[in-house]
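Biologist: Please take one part of this model and go through it closely. I would like a connected account rather than a list.

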Amino acid sequence: MKHKLLTFCLLLATTLGLTAKADWCPEPTGDYVNDYSKMLSDSERDSLERRIRTYIEQTSNQILIVITPTLHGEDIMDVGQRIGRKWGIGQEGLNNGVVILIKSKTEAEPNGDVAILPGYGLEGALPDAFCKDITEDMTLFLKEGRYFEALTAALSTLEPVCKGEYDYERYKSTYRPERNGLSDSSANKITWGVMGGGLLAMILYMRRKKKKAVAYRAEHPEEYARANVNPDDEIYDDDDDSSSYDDDDDDDDSYDSSYGGGDFGGGGAHSSF
């Protein structure tokens, strides 16, 4: 009898342990860039956060970035789906969220992994093969520890796709030409060229915004005098479709610390690095 009781207790403890392990998920923070591994500088994290917040305001699609030093022994796809559901990434009813989950390399866990997981509403725009291609492109940077560049490249692909500006077939023919018979070296050169073009476009866009902000300050100096605004801060007129993100802005009630309540299925893909 004692032997059976001991066996039962061991089985129960094992079952409870497995259940607790399977339930692991970081708690929602209200941010869209969450770097638990400290792979991004503060300025890089803030830049990505502002970019995603602006994109959300323009499209309602939500993109979440999570970088973690451990998955607690779990599969990255399972953890990513759990994060998407528990945090509620994407708008409720539309389910238009995307989770980018990176498991960074550490001395204790030297294997890196990156996954992209779309919500139900974006699985058509982001089929598994598409997500796989994006994660493979990201590993080119992640292998060298260039997390910011990897995430910037991923966003440059995900943002227009989620907006419906182009689809996977166009992506394959334009951004992954090796699928059409080109050599790997030629394909890599084109891929790097496209990524470089995307970065250049982003830099030019930011410069344009800065020039517009300077011009606006020159035309409306009374607003700075009334509000005692720092002249280095950016202010845009009401006709500008872009906006800056400020953690302390209590007047912006469109997108606060909550997410949209979207749902996730089983779509997506991952690549090791």
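Biologist: Does Cys-162 count as buried or exposed, and at what relative accessibility? Please go on from there to the helix and the sheet around this residue.

Modeller: This is a predicted model, and what follows should be read as such. Cys-162 counts as buried, because its relative accessibility is 11% and the cut-off for buried is under 20%. Cys-162 takes part in no disulfide. The nearest cysteine sulfur belongs to Cys-131 and lies 8.9 Å away, whereas a disulfide requires two sulfur atoms within 2.5 Å. The count of disulfides is 0. Another cysteine, Cys-25, is also buried, at a relative accessible area of 9%.

Helix H5 covers residues 147-162. Of the 16 residues in H5, 14 are buried, and the helix is mostly covered. The distance from the first C-alpha of H5 to the last is 22 Å, close to the 22 Å expected at 1.5 Å a residue. After H5 comes Gly-164, which has a positive phi, near 85°.

At the start of this stretch there is a salt bridge between the side chains of Arg-146 and Glu-149, with 4.0 Å from N to O. Both ends of this pair are partly exposed: Glu-149 has a relative accessible area of 26%, and Arg-146 has a relative accessibility of 28%.

Cys-131, named above for its sulfur, is one of the buried residues of helix H4. H4 runs over residues 128-142, and its 15 residues reach 20 Å from first C-alpha to last, close to the 21 Å expected. Other buried residues of H4 include Phe-130, Ile-134, Met-138, Phe-141 and Leu-142, and among them are also Asp-133 and Asp-137. In general, an α-helix has 3.6 residues a turn, so residues three or four places apart point the same way.

Now to the sheet. The sheet is open, with 5 strands in the order S1-S2-S3-S4-S5 and mixed pairing. Strand S1 (33-35) and strand S5 (269-272) are the edge strands; each has a single partner strand, so one side of each has no neighbour in the sheet. On average, neighbouring strands are turned by 10° against each other, direction ignored. H5 packs on this sheet and touches S2, S3 and strand S4 (113-118). The direction of H5 makes about 160° with that of S3.

Strand S2 (residues 62-68) pairs with strand S3 (residues 97-103) in the parallel sense, over 7 bridges. Among the bridge partners, Ile-65 is matched with Ile-100 in S3, and Thr-68 is matched with Lys-103 in S3. S3 is largely enclosed by the rest of the structure, because 7 of its 7 residues are buried. Gly-97, Val-99, Leu-101 and Lys-103 point one way from S3, while Val-98, Ile-100 and Ile-102 point the other way. The residues on both of these sides are buried.

Lys-103 therefore belongs among the buried residues, with a relative accessibility of 4%. The side chain of Lys-103 meets that of Glu-109 in a salt bridge, at 3.6 Å from N to O. Glu-109 counts as partly exposed, at 30% relative accessibility.

For context, the count of salt bridges in the model is 10. A further one joins the side chains of Arg-45 and Asp-46, at 3.0 Å from N to O. Arg-45 counts as buried at 19% relative accessibility, and Asp-46 counts as partly exposed at 31%. The value for Arg-45 falls within the buried class because that class is defined as under 20%. Arg-45 and Asp-46 are also linked with Glu-49 and Arg-53 in a network of salt bridges.

As for the whole protein, it has 8 helices and 5 strands. From the N terminus on, the elements run α-β-α-β-α-β-β-α-α-α-α-α-β. Of the 273 residues, 42% count as buried. Among contacts between residues at least 6 apart in sequence, 73% join residues at least 24 apart.

Key: Residues numbered from 1 in each chain as written. Predicted model: local features only at pLDDT ≥ 70, side-chain atom pairs only at ≥ 80, totals over all residues. Heavy atoms only, no water. Buried < 20%, exposed > 50% of the residue type's maximum accessible area, 1.4 Å probe, protein only. Pairing = 2+ DSSP bridges. Helix = DSSP H or I, 4+ residues; strand = E, 2+ residues; numbered from the N terminus. Axes fitted to C-alpha atoms, helices over the stretch in contact; angles between N-to-C directions. Contact = heavy atoms within 4.5 Å. Expected span 1.5 Å × (residues − 1).
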